[in-house]
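Trainee: I'd like a close look at one topic, please: salt bridges. Start there and follow the thread wherever it leads.

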Amino acid sequence: MVTEPTTLQVILEFIGVFVFGLTGGLVALRAHLDLFGIHVLAGVTALGGGIIRDLLLGATPPVGVSDWRLVATGLAAGLVVFALHDRIDDDRDAAGGKEVGERPPGVLRRLRAAGILTALVKVLDAVGLSVFAVAGALKAIQLDSPALTAIIVGGVTAVGGGMIRDVLAGQVPEVLQRELYAVPAVAGAALIVGLDAVGLLNPVTLWLCVALVFVTRMVAVALDLNMPRPRRP
Amino acid sequence: MVTEPTTLQVILEFIGVFVFGLTGGLVALRAHLDLFGIHVLAGVTALGGGIIRDLLLGATPPVGVSDWRLVATGLAAGLVVFALHDRIDDDRDAAGGKEVGERPPGVLRRLRAAGILTALVKVLDAVGLSVFAVAGALKAIQLDSPALTAIIVGGVTAVGGGMIRDVLAGQVPEVLQRELYAVPAVAGAALIVGLDAVGLLNPVTLWLCVALVFVTRMVAVALDLNMPRPRRP
Amino acid sequence: MVTEPTTLQVILEFIGVFVFGLTGGLVALRAHLDLFGIHVLAGVTALGGGIIRDLLLGATPPVGVSDWRLVATGLAAGLVVFALHDRIDDDRDAAGGKEVGERPPGVLRRLRAAGILTALVKVLDAVGLSVFAVAGALKAIQLDSPALTAIIVGGVTAVGGGMIRDVLAGQVPEVLQRELYAVPAVAGAALIVGLDAVGLLNPVTLWLCVALVFVTRMVAVALDLNMPRPRRP
């Protein structure tokens, strides 16, 4: 049985919270929200999945509103987006061919121009996805939830925050429209539940699950895999 | 006092879950969601009302994430919509006068062309509405909730899933805009509470309530009744 | 330690519920919702923040679905908006220069034409904001929540209902876009938590907190203060 989260697990979870927070801040930026809106979107993207998880499991108050380290990490991501928003806009101008030229290209700008920042965000977002899915399923198991609940809760922990982010920004959630994003998370949660059922859940298999979700997601990114879609008329 | 749900009640509840799931899948189809999005919308439409009910009543984890028969029924509705989406589109072409002609008209198509499928969905949706409203109020009563809570929870069980469906699809919830849909549900829940208060709640009166909500809703459909609306300027 | 809410606190809370309900009804009116939609938006705006608060704190069923006085007050606001919607429209015509002239100007119309009604709603809305923020934090403290939870819950109680209102009406929440609205609420909640931590929370300091949030918000209205916003490209 898995008991205490390891140091590595904690580190990965904070990476996930921070990167999810970054995506929330970026969506807020594009929706022209103010400083408060940027922090709210950073916070709900980073912590919303876990908050729904804890509400479904009856674990109140949710860690997303009681663990100050998690909340601070999510809000810090919002602050970073706000602080750097000028350079992020610069970069979009560059991408659109409207090179302005007056401002000297900074490190951040050159990294983005080379596609390195975008790739980095994709990788770290996949880290968040894997860790959240596994941690969500694990928490449900530790609270003696039914197997089905643990699977659903794992998936919700991984993609719920991003869904709230998109709804608040006035958009149909990305995860419902394209890419192979949620399915690896749900599959990873199901694997955790299966391993627990046959008594094989231990730190090694746990990490294999995290790695499997991560690799699946990265393959989906690399090959631009999508879920089947109905043909548009 | 009502204790165990009868077989008929269980059957009607599954019909409700399935048909609500169908409406979720259809809305997802129109919003051009992918296979995952179709299943999520089918699931939240079918089970979302009951999930909010259970969260409000403190009954965690909600049956909508723990009873595999309910979840499987909701997801099956999504699968049916995805499997048949080609024929559903065909049918819309036909309705719009753009008869394509190459494809031989199937049974499904002919049923829809005759308006039979649409009518069937309306009837079964009314079954779901009635059963959900009564079952929601009943669960609140069984958990010793105040009368007001039971009435609100009955209404939320009946219309909450459809509201989440519409918000996720980027639309203002239908139920807030037109038709006489929620009011019969709330009235049915109130009737259940009233019968319980005067000690007259038994299987017979319970079924009378379900029938009353159903008939009221069908009359509203047949006569195209709407709630009063402010005059548009 | 603060124990029972005073009469004044109760009165202010009902004022807050009613005025929040009015804003919900007005948003519903502009979104062309029907009578049911107007009442739902009035109800969720008035009570939604408190419902999320109670769910986060595990205090089920939430008072927003169990205290009939609160629910009746919220719904009454919806009824008032519906009953007066003709005159409200009149007024907008007048503001737009399309003076119709046939209808004799009523008291309501003259008050609005003079900007008195708008100012009154702003003032009473600030009353609701202050009371909800302080009452939210207080309830969290009384349920032995961590300090961080009490601060977040205070803010959510104050602005959560308005956010649900806007999402249901198909809009990006106002509070995320402009004005200095949420920050005074969160600051007031934080002050309550701080006072409690140093043992200085008593009826006098409690009311000073309410007054401080109210005054800050009114100054923000008077000076048209906004949160910092990213420059639009």
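Mentor: Searching the whole structure gives 21 salt bridges over all chains, a salt bridge being a side-chain nitrogen of Lys or Arg within 4 Å of a carboxyl oxygen of Asp or Glu. Bear in mind that this is a predicted model, where local features need pLDDT of at least 70 and side-chain atom pairs count only at pLDDT 80 or more, while totals for chains, interfaces and linings use all residues. Residues are numbered from 1 along each chain as its sequence is written, chains are lettered from A and ligands numbered from 1 in the order in which they are written, and side-chain values use heavy atoms, with hydrogens and water left out.

Let's take chain B. B:R53 and B:D54 pair up, with their closest N and O atoms 2.8 Å apart. Both B:D54 and B:R53 are buried, where buried means under 20% relative accessible area, exposed means over 50%, and partly exposed is in between (1.4 Å probe, protein chains only). B:R165 and B:D166 also form a salt bridge, at 2.8 Å from N to O, and those two residues are buried as well.

B:E179 and B:R217 give another salt bridge, at 2.7 Å from N to O. This pair joins distant parts of the chain, 38 residues apart: B:E179 sits in the loop between α7 and α8 (182-197) of chain B, and B:R217 in helix α9 (residues 203-223) of chain B. Helices here are DSSP runs of H or I with at least four residues, strands are runs of E with at least two, and both are numbered from the N terminus. The two ends differ in their surroundings: B:E179 is partly exposed, with a relative accessible area of 23%, whereas B:R217 is buried, at 3%. Over in chain A, salt bridges link A:R53, A:D54 and A:K139 into a network.

What about salt bridges between chains? The count is zero between chain B and chain A, and zero again between chain C and chain A.

So much for the charged pairs; now the interfaces. Thirty residues of chain B are in contact with 26 residues of chain A, contact meaning heavy atoms within 4.5 Å. The two chains bury about 2,300 Å² between them, 70% of it on carbon and sulfur atoms; buried area is the accessible area (1.4 Å probe) that two parts lose on being put together, summed over both. In chain B, the residues that lose the most area to chain A are B:H32, B:D34 and B:F36, together 28% of what that side buries. There are also five residue pairs in polar contact between chain B and chain A, both residues at pLDDT 80 or more. A polar contact is a pair of N or O atoms within 3.5 Å; within protein, one must be able to donate a hydrogen and the other to accept it, and residues adjacent in sequence count only if both atoms are side-chain atoms. On the side of chain B that touches chain A, α2 (35-57), α3 (68-83), α4 (85-95) and α7 (147-168) of chain B supply at least two residues each. The largest share, eight residues, comes from α2(B).

Turn to chain C, and 26 of its residues are in contact with 30 of chain A. The buried area is about 2,300 Å², with carbon and sulfur atoms giving 70%. C:L56, C:L176 and C:P230 lose the most on the chain C side, together 26% of what that side buries. The largest share of that side comes from α7(C), with five residues.

C:P230 also shows up around A:H85, which has contacts with A:L29, C:P230 and C:R231 once neighbours within four places in sequence are set aside. A:H85 lies in helix α3 (residues 68-95) of chain A and is buried, with a relative accessible area of 9%. Its side chain reaches the backbone oxygen of A:F82 at 2.6 Å.

Finally, the symmetry. A turn of 120° with a shift of 0.0 Å along the axis lays chain C on chain A with an RMSD of 0.0 Å, copies being superposed by least squares on the C-alpha atoms of residues with pLDDT of at least 70 in both. That is how a three-fold axis relates its copies. The copies use different surfaces, as 8% of the contact residues of chain C recur in chain A.
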